[in-house]
Amino acid sequence: MQKLVVIGAGMASGRMLEHLFEAAPGAWDVTLFNAEPRGNYNRIMLSPVLSGEKSYAEIVTHDEAWYDTHGVTCRFGEKVVGIDRDRKVVIGEQGEVAYDKLVIATGSNPFIIPLPGHDLDGVIAYRDLDDTNRMIEAARPGARAVVIGGGLLGLEAAAGLRLRGMDVTVVHIMGHLMERQLDEAAGYLLRRALTDRGIEVCCSANSKEILGEDGKLRALKLDDGTELPCDLLVMAVGIRPSVALAKEAGLETGRGIQVDAQMHTSDPDILSLGECVEFDGQIFGLVAPLYDQAKVAAQTLTGEASEYIPREVSTKLKVTGCDLFSAGDFAEGEGREDIVFRDPARGVYKRLVLEGDRVIGAVMYGDVADGNWFYGLIKDGTDISEMRETLIFGPAFQGGASVDPMAAVAALPADAEICGCNGVCKGQIVAAIEAGATSLEAIKATTKASASCGTCSGLVEQVLAVTLGDDFVLPTAKPICACTDHPHEDVRRLIKAKELKSQPAVMQELGWKTSNGCHVCRPALNYYLLADWPLEYTDDPQSRFVNERNHANIQKDGTYSVMPRMWGGMTTPEELLAIAEAAKKYDATVKVTGGQRIDLLGIKKEDLPHIWADLNAAGMVSGHAYTKGLRTVKTCVGTDWCRFGTQDSTGLGIKLEKRLWGSWTPHKFKMAVTGCPRNCAEATCKDLGVVCVDSGFEISVGGAAGMELKETEPLAKVATEQEVIDISVAFLQLYRESANYLDRPYKWIAKTGGLEWIIAQVVDDLDNRAALIERFDISQSVYQKDPWAERATPQYERAWSPLADLTKEAAE
Amino acid sequence: MSWIDIGALEDIPVQGARVIKTKMGCVAVFRTADDAVFALSDRCPHKGGPLSEGIVHGHKVTCPLHNWVFSLETGEAQGADEGQVPTYDLRVEAGRLLIDASKLAAQSAA
Ligand code: SRM
Ligand SMILES: Cc1cc2nc3c(=O)[nH]c(=O)nc-3n(C[C@H](O)[C@H](O)[C@H](O)COP(=O)(O)OP(=O)(O)OC[C@H]3O[C@@H](n4cnc5c(N)ncnc54)[C@H](O)[C@@H]3O)c2cc1C
Ligand code: SF4
Ligand code: FES
């Protein structure tokens, strides 16, 4: 009998032995080493053991009787410490064994991030039964666990611990969960499902340090300073093939033990398989390919010709109730096409990636019934040209089911607010329709919904359509862009009604047709989200136009212009000297603008952080000349100097600018305060203008002097500066909350049906005015920061300069 | 082919770009939402806009100056516009970005 020694009694070697004993019973004298004090069990079922849904006994693959029957000498709980290839012996902790053939199946080791404190009591990995038992022991209800890693393993650990009653937080470094298996949209749905079952999820979160007390774990500290207290910390951040033994024995290793298609290592008498190997540059982390390898390895041992061919793998998450499936390659790519299906009402998302007439990848969430069918199409390379149109509906599709474009509205609960101005919710509208109001006008008359600013009329019409069915013909509003059927108004109101707080959330719930939007919808969504959820939403620079991303105006030659604020058009000799010096240092063209300040043109991108630092040092901040935000507040000299001046127009202009700067708005917002009706500051063609008169101040809004020329219309006449400031803030906030992206105030006012409604909101209703001001101030607590000061740092200097300079290399 | 290391994948923001300087002008190196990377000339064929400053969506970029849209894969202008941006071979290995310098050199000779 030939002597076969196997190192590692895991899932791969277990399967190989099954094949071997079947093909050549009695041909081998097998010795099986395992570092774990037990034989082969179904490792992937550890998660149900953790959650309590299964016991260890139920997941044992090979028991004592099995090893007996096949005459396997089991050396469990004994680690192999060396291989002597010259003498052909394996060295275990308890002694040597000689081999004719050797199989290395040592699997992989969980990766432990070497954070300070990683060796504290209470920090564990998730790999084997012992880890699982330690988690079960620590999982007292009410105790707290943190799981680092939002991949398959981390989430299964989190769900299991949660089922055992722990408070669980998942800390994930990437922007969405399971980023290697899921795209952003599916990641969002998964996150929502986990949050619903009480698991906290922090994405884009970087762990910094593990804190302890008397050698015992106390909390995880993130690099933003947050501390997450915990009694148990599970690190599930990835695995590394276990290669040390093979490497020491002088076998060729890369990331894993290198094997050929017959599973030979660089020594023909030594085979290797499982998670410890590297084949053709690939390493493995799921069992399906390992089972293929097991078959090949067994055939190689019995002398049968065979070849290992890697195939597509599919992933499912074993968390009861979170149905997701991913298979193949779902990256976008040359000549690839997406088919996306979303059913927001059911929380379903499906995406197929096609290349030519074949499906090459699939991601699905919520409804995974067809997953294996798609997986089959991917593996077999089936030509799907015949069924392309209906492919996404799966094998059962009979040619009838159509997708309901109004699903988002249909799914709103009765108490979802449709009309924000008048506080009308969906239920009231439905009741009115049932009572006989079957047109928009009738709804307006009976419920007041859409009777004010009118931005919800699209939604009201959709409620009509959903309720009346075919009896109502929906007027078509222009969608934002080709990525969606919804116009701006609907998206704005649905973001509020459904409390959507991220771009993937909006895209999923409102049925976006592309995976991540385009240059038209993304800036609009980014604005809506930051305006509606200033504290919850994080601004996304990649969804902004170049000027707002780089905080300077791009010029036609790719250089930038830099314009510091000059509050109310006032400056000082010191500021002018600093500007002059900066202009010389960075070789800028200097221009006095139409907005009462100075523009420095022709600055190179890599110089921006430097010129900002120089201007900051002289006390100047960004003029936001590049934003959809507050631009300038022009003033005239007023009572300080002018013989006609009635009020301190300069001072008021400065106060307004200091209050409002930094805020983002749907389009740019320009203001002016002028000292008398002679109007030297041109206040009557601004978005908001103030004309000072003897008895006080006349505020007017909705002017423009750009592509259209518009005189402002009167908003209010007030006696004090404070009222001017309050009404201006309230007006700006109302505009921020309800206008469409890229509508200047005059366009927004026209769409709301005139100034009447706005006057009621910001002038007459004092409580509402106060509420608008409060919301504005909350937003300013986040956004009134000088973007230049934040970016005049070494980190930005690097990010703003070229990644590499190849001007020398490329010449070779 | 001769591959040159130009930096780490992490140096490029997701859905963003950085430029590298070469003898033939700047080359924009893009990273998309699904972590694919592409290298294209940083000059828009329309009026020379810096494509590296455009909004990246899917495997496309929109020029920041006049909104032409280009495929990052082929460099071809999309929709009604006509134009072609030179592309370069780029790959990621162990988190490092490697660009094929032979094409950069070949073009400068031409
Ligand atoms: C610098 C300046 C011209 C100047 O040299 O004086 C200027 C320069 C530009 N204006 Fe302006 N506008 C400037 C005052 C104005 C004014 C006058 C004013 O504000 O008193 C107007 C008319 C008033 C108005 O806005 O209603 C004006 C109406 C526009 C428009 C048309 C807006 C509209 O709604 O019709 C645009 C296009 C746009 O925003 O879409 C525009 C766009 C631009 C852009 C940003 C074009 C662009 O997108 O690249 C120019 C940027 C050049 C740069 O890099 O600096 N600029 N622009 C002025 C800067 C003022 C400042 O200190 O911030
Ligand atoms: C919690 C969990 C859930 C999972 N879920 C899934 C899933 O849903 N789907 C899926 O496809 N995959 C899943 N996996 C991955 C799957 O379990 C592995 O791919 C598979 O077990 C690897 O098999 P292997 O034989 O290569 O290694 P292992 O099963 O790890 O076996 C290797 C064995 O070798 C032993 N060993 C190592 N070094 C030595 C030494 N020097 N001497 C002696 N013995 C040694 C180890 O103790 C170990 O028992 C999951 C893994 C875990 C931990
Ligand atoms: S008027 Fe036209 S050309 Fe002049 S700065 Fe304004 S946008 Fe540019
Ligand atoms: S320069 Fe790129 S679109 Fe005009």
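This report looks at the surroundings of ligand 2 and at a small sheet in chain B. Please keep in mind that the model is predicted.

**Around ligand 2**

A good place to start is the position of ligand 2 in chain A. Domain 1 (2-109 + 241-301) and domain 2 (112-237) both contribute residues to the shell around ligand 2, so it lies between them. That shell has 28 residues, and those that come nearest are A:Ala12, A:Arg127, A:Glu275, A:Val287 and A:Lys318. By class, 13 residues of the shell are nonpolar, 7 are polar and 8 are charged. Three helices of chain A, α1 (11-23), α5 (152-163) and α8 (287-301), each supply at least two residues of the shell.

Oxygen atoms of ligand 2 also pair with N or O atoms in side chains, as listed here.

| Side chain (N or O atom) | Distance to an oxygen atom of ligand 2 |
|---|---|
| A:Glu36 | 2.9 Å |
| A:Arg43 | 2.9 Å |
| A:Glu275 | 2.5 Å |

Taken alone, ligand 2 exposes 1,000 Å², and the protein buries 92% of that.

**A sheet in chain B**

Now for chain B, where β5, β6 and β7 form, in that order, an open sheet of 3 strands with antiparallel pairing. Its edges are β5 (55-57) and β7 (69-71); each has a single partner strand, so one side of each is left without a neighbour in the sheet. On average, neighbouring strands of this sheet are turned by 25° against each other, direction ignored.

How many bridges join β5(B) to β6 of chain B? There are 3, and the two strands, β6 covering residues 60-62, run antiparallel. Looking at single residues, B:Ile55 stands opposite B:Thr62 in β6(B).

Methods: Residues numbered from 1 in each chain as written. Chains lettered and ligands numbered in written order. Predicted model: local features only at pLDDT ≥ 70, side-chain atom pairs only at ≥ 80, totals over all residues. Heavy atoms only, no water. Near = heavy atom within 4 Å. Polar contact = N/O pair within 3.5 Å; in protein donor to acceptor, adjacent residues only side chain to side chain. Areas by Shrake-Rupley, 256 points an atom, 1.4 Å probe, with all protein chains shown as cover. Helix = DSSP H or I, 4+ residues; strand = E, 2+ residues; numbered from the N terminus. Nonpolar A, V, L, I, M, F, W, Y, C, P; charged D, E, K, R; others polar. Domains from an automatic or database assignment. Pairing = 2+ DSSP bridges. Axes fitted to C-alpha atoms, helices over the stretch in contact; angles between N-to-C directions.
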